[in-house]
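Work through the exercises below with the sequence and the model open. Try each task before reading its solution.

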Amino acid sequence: MAVQVAVCGPARCGEQEWDLAHELGRLLAERGAVVICGGHGGVMAAVAAGARSLDGLVVGVLPGADRTGAGPDLSVAIATGMGQARNAVIVHSGDAVVVVGGSWGTLSELALAMRRGGVPVVQLGDGWRPVDAEGRDLPGVACARTPAEALDLTGLWS
């Protein structure tokens, strides 16, 4: 079975997040991984476009009850009718979770991934940095500056 990587990020993103997610998708496709994302715009569209540029497989897990609004670069669109609860499906489907950028939905995915446990969780670029009461980074979330470093930190290809 192919490696599956959940990629989470906001539906609206800036150029830097877009570029990081696009390159991440391209690298995942190059490694033969299946990309799992939320299936809409922003980081989700960027990672899908990057993966599809190398004929990668991209699964979008949509919040709505139908495929309306599904991104054009998805290979498969799964309509859940679950709203934001679909975030749990996304993070539980990956052998690793990579978070690009930050929004409230992205924070929920990061939290769900950490609560899930047992898989690597990587924050790529700027975004949510969970800290304790003294401002120290919480253990468990690896931080990467580049898409290649993010994939190395997953340990899936060592």
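**Exercise 1: a surface patch**

Task: find which residues form a nonpolar patch on the surface, and their accessible area together.

Solution. Leu57, Val76 and Ile78 form the patch, with about 220 Å² of accessible area together. Patch members have over 30% relative accessible area and no salt bridge, and nonpolar side chains (Val, Leu, Ile, Met, Phe, Trp, Tyr) are joined within 5 Å. A salt bridge would be a side-chain nitrogen of Lys or Arg within 4 Å of a carboxyl oxygen of Asp or Glu. Areas come from the Shrake-Rupley method with a 1.4 Å probe, and for residues only the protein chains shown count as cover.

The model is predicted: local features need pLDDT of at least 70, side-chain atom pairs count only at pLDDT 80 or more, and totals for chains, interfaces and linings use all residues. Residues are numbered from 1 along each chain as its sequence is written, and side-chain values use heavy atoms, leaving out hydrogens and water.

**Exercise 2: two strand residues**

Task: classify Ile78 and Val58 as buried, partly exposed or exposed.

Solution. Buried means under 20% relative accessible area, exposed over 50%, and partly exposed in between (1.4 Å probe, protein chains only). Ile78 lies in strand 4; its relative accessible area is 38%, so Ile78 is partly exposed. Val58 lies in strand 3 (residues 58–62); its relative accessibility is 0%, so Val58 is buried. Strands (E, at least two residues) and helices (H or I, at least four) are DSSP runs numbered from the N terminus.

Next, list the surroundings of Val58. Beyond four places in sequence, its contacts (heavy atoms within 4.5 Å) include Val35, Cys37, Ala48, Ala51 and Val76. Asp73 is also one of these contacts; the C-alpha atoms of Val58 and Asp73 are separated by 7.5 Å, although the two residues are 15 apart along the chain.

**Exercise 3: the sheet**

Task: give the order of the strands and name the edge strands.

Solution. The 7 strands form an open sheet in the order 4-3-2-1-5-6-7, with parallel pairing. Strand 4 (76–79) and strand 7 (141–144) are the edges, each pairing on one side only. Two strands pair if DSSP finds at least two bridges between them. Strand 1 (residues 4–8) and strand 2 (residues 34–37) have 3 bridges, and Ala6 stands opposite Ile36.

**Exercise 4: a covered helix**

Task: how many residues of helix 2 are buried, and what do they pack against?

Solution. In helix 2 (residues 43–52), 8 of the 10 residues are buried, among them Val43, Met44 and Ala48. The buried residues pack against elements including helix 1 (15–30), helix 3 (86–92) and strand 5.

Note on methods:
Patches are made of residues with over 30% relative accessible area and no salt bridge: like charges are joined within 9 Å, nonpolar side chains (Val, Leu, Ile, Met, Phe, Trp, Tyr) within 5 Å.
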